[in-house]
Amino acid sequence: MTDQTTLAQEIAVEQRHLDRVYARLAELRRSAVLAERDGYRLARVGNFGALVERDAMVFHAAQRRHALDAEHEGLVFGRLDLRDRRVLHVGRLGIRDENAETLVVDWRAPAAAAFYQATPADPQGVVRRRTIQSSGEKVTRIEDDLLDPAAAPAELAVVGDGALLATLSRATGRGMRDIVATIQREQDEAIRSPGSGVTIVSGGPGTGKTAVALHRAAYLLYSDRSRYAGGGILVVGPSTVFVEYIASVLPSLGEETATLRSLGTLFPGLTATRTDPPEVAAVKGSLRMRRVLERAVRDAVPDSPGELRLLHRGELLRLERRELDAIRDRTLSRGARRNEVRRAAFDAVLAALWAQARRLAGGRLPEQPVFEDEIIERPEFREFLKGWWPRLLPRHVLGWLARPDRLRRYAGGILSRAETELLVEAYRALDRQGPTVADVALLDELDALLGKPVLPKRARRDPFQLAGGVRELSTFADRQRAAREAARERPEDYRDYAHVVVDEAQDVSPMQWRMIGRRGRLASWTVVGDPAQTAWAGDPQELDRARDQALGRRRRHRFTLTTNYRNSAEIFAVAAAEIRRLHPDLALPTAVRSTGVDPVQRVVPAAQLPAAVVEATGALLGEVEGTVGVIAPVPRRDEVAGWLAGLTDRRLQVVNSLQAKGMEYDGVVLVAPSEIRSEPSGVRTLYVALSRATQRLTVLDPD
């Protein structure tokens, strides 16, 4: 029997099973739809118990129907042939037939663990592991790993050259949709580590750190849904480009409840994408900035009234700046938060006016409460209070740093003169260009220092209340559903997550760790990264302290990934040579795949660089089926994107060297690596950029 005949027959076997699965899926969906209808019919009974039962039936049936619809594509992706002759198919959703026999095992279930963990050295009862690829409801490809040849029956067919390497050799597409089928044993052990404490996963480029982080989020939701779906899971990535890249992953793993945020979008209502030069980011990210901000929030509001003058019953009452400053200092003593003590500050002003009025008027004054009521009613007094102690937002105080005289005063004795001038120059663009990613952590710190304004509570709006006091006609189920949604609704600035995942953790600054830590005070954590890839140019000891403070005293579970599945050996050899400049003895991951194609490295005259980039990019788009990334130095990203404006292929993405963190492409054009290398932490950043390609790498450096 030829190999092609064997392949066709084995594909036909899997197709027959897939047909059964999708037929059963259709039955289950029909049952869910009927359950919804039956639930509504229960209302005809007319009693309260029937209404409650109806709501429960409708709610759970709708949830089940949504899950069945969401997992239709690529539902079955694996098969295990076991020593005891049992066969298990592994997929995105668990499905049983009408006799309760298992058709598909959910990938998160313990029975599916061997699909990821079994190896030839430890087969765990698995004889053959098969990866199944499909398009729609049609099987298109299978690949086998024979893990226990001694236990294989004579009739067992084995096709392909190994599922993992075959999968990794193909185009990746624009996202990470199919990573669920390619995780391996050392990754799976990290994924299934205890839910409590802190799971720390380290590993070089291409070792699957992001895959581990996202699979772990899905696994925790599966294993303890009430805890993790109720409290929520927060996934934090380095950039909006990265978050968009991984956005399809959790739904493809069967989960849609996690919250994905980049470091530039963690503060509510703000999306920051602009990045600072590394030396500026190091200053903004330092814990010393908290002391600078503390000085700022205690300072007088710019252009605020310098004195208060009121005529009361023929006597001039006057508070000068010195007295007003003293009131402000007393009110803000012992860590008081400015927005939360406005009333105390106003009371102190009234008390100072009363004391002055008593000295001037003797016994001719009304009682103090009457005096205060008279003063409060004066429009000029209310205008003074608004200008002297307004409700402050973090963006207001951050804007004060754009005033060089104020910034130099706040930073004096805390930052060096050179560091202060770096910030003075950086904040000149704040009003015009808005905050940078590093500023987001400062805004969050200011929010904590200022506190929330004390406002009257608003009554929750009735969703069925129409204009004019008329109520919309609604059923009991409608009202119950609205109540459930209101209970699940989280505020925009939610901070009580049950689990926090931090990807590319080596680039999180100390101030950013404080920002993330505020959202994970009650959480367990998953932290993944690679110290060799860090772009942090500040104090490493300060970084360690901030991270440890955010993670608290929770127990640590540590895992190291050692195999590079992304890069070909030829590509990773170039990246490895770069990082060896800094760390000659660094333990690097092993690239397990060879394509026989060496990276292209060219030096071109600067005047010819635009044309060379366009030519190289077009060539890669023709050579690979999947995505092509063009990586440029941070200051030149927009310039390089302009060169490529004529290429409209959707597979093309232009990013700077920092945005490339965590990304992967089938082909990469790296522009001006010498400029990247010359920046602070440039060798590490270049190491990252050189390790983004799975198949082809072209490096173009100006003369």
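Okay, let's start with the five-stranded sheet: an open sheet with the order β17-β21-β20-β18-β19 and parallel pairing. Two strands count as paired here if DSSP finds at least two bridges between them. The strands themselves, E runs of at least two residues, and the helices, H or I runs of at least four, are DSSP runs too, numbered from the N terminus. At the edges stand β17 (600-604) and β19 (652-656), and each has a single partner strand, so one side of each is left without a neighbour in the sheet. From one strand to the next, the twist averages 20°.

Before I go on, a word on what we're looking at. This is a predicted model, where local features need pLDDT of at least 70 and side-chain atom pairs count only at pLDDT 80 or more, while totals for chains, interfaces and linings use all residues. Residues are numbered from 1 along each chain as its sequence is written, and side-chain values use heavy atoms, with hydrogens and water left out.

Back to that edge. β17 runs parallel to strand β21 (residues 693-702), and five bridges join the two. If you want a spot to click on, Val604 stands opposite Pro702 in β21. Now, what lies across β17 and β21? That's helix α24 (residues 569-579), running at about 45° to β21. For angles like this, axes are lines fitted to C-alpha atoms, for helices over the stretch in contact, and the angle runs from 0 to 180 degrees between N-to-C directions. Helix α28 (residues 682-690) packs on the sheet as well: it touches β18 (628-632), β20 (665-671) and β21, and its direction makes about 140° with that of β20. Touching, or contact, means heavy atoms within 4.5 Å.

Next, the other sheet I picked. This open sheet has six strands in the order β9-β8-β12-β13-β7-β14, with parallel pairing. Its edge strands are β9 (259-262) and β14 (556-561), and each pairs on one side only. Direction ignored, neighbouring strands here are turned by 15° against each other on average. Inside the order, strand β7 (residues 198-203) pairs with strand β13 (residues 524-529) in the parallel sense, over five bridges. There, Ile200 stands opposite Val527 in β13. Helix α6 (residues 209-223) packs on this sheet and touches β7, β8 (233-237), β12 (499-502), β13 and β14; its direction makes about 155° with that of β7.

On to helices packing on helices. The axes of α20 (residues 437-450) and α22 (residues 510-519) come within 9 Å and cross at roughly 55°. That makes α20 oblique to α22; the scheme is under 35 degrees for roughly parallel, over 145 for roughly antiparallel, 65 to 115 for roughly perpendicular, and oblique for the rest. The residues making the contact include Val437, Leu442 and Glu445 of α20, and Met511, Arg514 and Arg518 of α22. They divide into eight nonpolar, one polar and five charged. For that split, Ala, Val, Leu, Ile, Met, Phe, Trp, Tyr, Cys and Pro count as nonpolar, Asp, Glu, Lys and Arg as charged, and the others, Gly among them, as polar.

And how do α17 (residues 404-411) and α18 (residues 417-426) pack? Their angle is about 150°, with the axes 10 Å apart. That makes α17 roughly antiparallel to α18. Pro404, Leu407, Arg408 and Ala411 of α17 meet Thr420, Glu421, Leu423 and Val424 of α18. The split for this contact is five nonpolar, one polar and two charged.

Two single residues, quickly. Thr563 sits in strand β15 (residues 563-568). Is Thr563 buried or exposed? Buried, at 16% relative accessibility; the cut-offs are under 20% relative accessible area for buried, over 50% for exposed and partly exposed in between, with a 1.4 Å probe and protein chains only. Leaving out residues up to four places away in sequence, Thr563 touches Glu186, Gly206, Thr207, Pro589, Thr590 and Val592. Then there's Asp539, in the loop between β13 and α23 (540-551). Asp539 is partly exposed, with a relative accessible area of 36%. The C-alpha atoms of Asp539 and Ala282 are 8.3 Å apart, with the two positions 257 residues apart along the chain.

Last, the whole protein. The secondary structure comes to 28 helices and 21 strands. Of the 703 residues, 52% are buried. And among contacts between residues at least 6 apart in sequence, 75% join residues at least 24 apart.
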